[in-house]
Amino acid sequence: MPTPTFDNSSARGSERAEPQRIEPPDEQPGRADDPSPTSRLVVALVLAVVAAVAAVVAQLIGVVVSVDGSPVGSGAVSAALLAVALPVLVAVVAVVGAATKRIEFAAGLLAGYGAVALGVAVADITLLSDPIDANRLELFRPLSAAMLDATAGAHVLLAGHAASVLAGVAGWSAVHRAGLGDGYGHSVYSEHVGRAAAGRVGPMLAALLGGFGVLAAVAAFASLYRSDDPVVIVTAVVESPVFVAVGSGVVGIAALVVAASALASLSPQVASGASVGAGLSVLGFAGVGLLAGLSTGARVDAGLGAYLGAVAGLGLVICGAVLAPVAAVRDSRALERAQQRESGARGTRGVAAPGATRWHAAAGCAGVLAGVLSVVGSLLPILETDSGTAVPQILATRVVLVAGFVMILGSVPLLFSEFASAARPFVAMFWLGAVSASAAVLQSVVLAEDVEGVSTGVGALAIIAGVVAAAAAGLLALFAGSAERDDVDTSQDAATDGVVLGTGLLGAVLLAVGLALPLYRGSDLTAATVTEFPWGWDTWGQMLLAVGVVVAAVVAARARAARGSVLLAAAAVSGVVHLASWPLTSARATDPEMGPGVLPLVAGIVVLGVAAALSARRADR
């Protein structure tokens, strides 16, 4: 399925209109030689209805049967109801949206839902190849190790998934067609016409939406279930059957791409629909797993991925639902403020100069490359061994995976000139977080190579390349910032803000203390800490991040208010990624327990978040 971008900016002119109220056009005519958005949306709606019907029929038929005739347990009823209700809800909402002339919302909804549904469809191919390992506990629960075979219901279910994906393709096509119309991205305030949704809804909502996209990606790589049942076998996602592993990965990547594309969309209606659709699809993946894990019976429970995914799905739905109304309110307020200015004055909204734009694009490309290399490297073999030698498991790759996704999400906005300047400080800070996460893997590689027969694998080489690309992205982001200051009047923000400085430094020091101390301890080893000499690569990486966070707090107090807020937020996100290494890697220790670094780290993250909010309020004033 093509990656949905949810807009087409080619029809946007480069001129800025006067800050006055403009009315939406009565029509959105299309070219005579190309079908209208409506006709494409009708195709998407028909496919969405087919997908909803298929979900119901598959439940009624059943998806598996025992080859030897032994009984197969029924699925969790509450989870099954949710699994059926979600595609039905999507179809109904899309039809209502189309009937009420909200074509962009309806098309975006189907596009977002279909993008994530592609991953669910891939995962469910396991129902045909190895049903007992599919772990679809809302559909059935194996009671024994007897061989299972797929029924016609499994084929109907997969056909429904395919219909959802095709509906998403048709919805994306309708969005693309709508993007060629004159009314696409309409705003009552002329300065906001053609501006990305992230800029129209404000940094708080944009950050929340992006954060839930990242959380959905993280959740997709965590197991939906925990099991002590010898029949229901739950393994790490990367060790699961190939279709489950790939499908889960597609779910996470698709949710992340949809969230980023929604923020980049020129139409708040499209951004709203895409976010809601992706959120509902994530709930169909993780929310259903949560209910199934909680209600399927003894010895099976919901896993971390189910909880995180349910939160991410709900967050995407809520943020998407309020996105368009928030954009409308902010547009109206911006118009009111503009009308209070001197008559005839043009808005001075900062558009990056050509030089800054090139630096932004270069930094964005390097950041995306760094994130992709980190993600790919974490999924490939980190070490290679001689035949017959067991490959050591490097749990730190899980943190690199998270950091890689965050790096991609933070770098993508740099490729869009509308809000590249606002997102640039994030990459300028977070590249240190990506390097710190990768350093833990490199330390494990250094130790493992001392073992005879063990050598560096292709995954480790990819992560090393990702470190180099991340450092390049950070350097290019600094150059971009310098180019911005050549063309922007910064006199109003030249003075140091004492409140932001004090709060930011307090949070940075607390975070640095948390980075210096171990996050967990076991009877056989302790997480990286400055108290153990000589320092390994992991400790050096954490100390590099600690220094960067302190410097960021000082710089943020003197930076332009909005930029300082993003810089502090990036420092807090770097702390969150490091904190994630506690649950993700503590299994390498025997009898692990919380270390002294957790509390100051959490406190530092909270205080840095407060400092970012204070800086944002300074920008509003």
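Let us begin in the interior: the largest nonpolar core has 126 residues, and those touching the most other members are Ile-382, Met-407, Met-429, Phe-430, Val-441, Val-549 and Leu-568. Helix α13, residues 420–448, supplies the largest share of this core, with 14 residues. Apart from this core lies another one of 26 residues, including Ala-52, Ala-107, Tyr-184 and Val-317. Keep in mind as you look around that the model is predicted. As background, nonpolar side chains tend to be buried together in soluble globular proteins.

Val-549 is a good place to pause. Leaving aside residues up to four places away in sequence, Val-549 touches Met-429, Ala-508, Leu-511, Ala-571 and Leu-608. Two of these partners lead us on to helix α15, where Ala-508 and Leu-511 are among the buried residues.

Helix α15 covers residues 498–516. Its 19 residues should span 27 Å at 1.5 Å a residue, and because the end C-alpha atoms are 26 Å apart, the model agrees with that expectation. The buried residues of α15 are Val-500, Thr-503, Gly-504, Gly-507, Ala-508, Leu-511, Ala-512, Gly-514, Leu-515 and Ala-516. When reading that list, it helps to recall that an α-helix has 3.6 residues a turn, so residues three or four places apart point the same way. At the start of the helix, Asp-497 places a side-chain oxygen within 3.1 Å of the backbone nitrogen of Val-499.

A similar kind of contact can be found in a loop. Ser-265 sits between α8 (242–264) and α9 (268–295), and counts as buried because its relative accessibility is 0%, against a limit of 20%. A polar atom of the Ser-265 side chain lies 3.2 Å from the backbone nitrogen of Ser-267.

Now for the charged pairs. Side chains of opposite charge can pair when their charged atoms come close. The structure holds five salt bridges. In one of them, the side chains of Arg-141 and Asp-229 meet at 2.6 Å, N to O. Arg-141 belongs to strand β3 (residues 140–141) and Asp-229 to the loop between β5 (225–227) and α8, so this pair ties together parts that are 88 residues apart in sequence. Both Arg-141 and Asp-229 are buried.

Asp-229 also forms a salt bridge with Arg-299, where the closest N and O atoms are 3.3 Å apart. Arg-299 lies in the loop between α9 and β6, so its pairing with Asp-229 links parts 70 residues apart in sequence. Asp-229 itself has a relative accessible area of 7%.

Strand β5 takes part as well: Arg-226 forms a salt bridge with Asp-301, with the closest N and O atoms 3.1 Å apart. Asp-301 is in strand β6 (residues 300–302), so the pair ties together parts that are 75 residues apart in sequence. Here Arg-226 is exposed, with a relative accessible area of 51%, while Asp-301 is partly exposed at 27%. Elsewhere, salt bridges with shared partners join Asp-124, Arg-136 and Glu-138 into one network.

We can end with two backbone details. Most residues other than glycine have a negative phi. Lys-101, however, has a positive phi near 70°; this residue is in the loop between α2 (77–99) and α3 (103–124) and is exposed, with a relative accessible area of 71%. Asp-591 also has a positive phi, of about 50°. Its place is the loop between α17 (561–585) and β10 (593–594), and at 62% relative accessibility Asp-591 counts as exposed.

Terms used. Residues numbered from 1 in each chain as written. Predicted model: local features only at pLDDT ≥ 70, side-chain atom pairs only at ≥ 80, totals over all residues. Heavy atoms only, no water. Helix = DSSP H or I, 4+ residues; strand = E, 2+ residues; numbered from the N terminus. Buried < 20%, exposed > 50% of the residue type's maximum accessible area, 1.4 Å probe, protein only. Expected span 1.5 Å × (residues − 1). Polar contact = N/O pair within 3.5 Å; in protein donor to acceptor, adjacent residues only side chain to side chain. Core = buried A, V, L, I, M, F, W, Y, C linked by side-chain atoms within 4.5 Å. Contact = heavy atoms within 4.5 Å. Salt bridge = Lys/Arg side-chain N within 4 Å of Asp/Glu carboxyl O.
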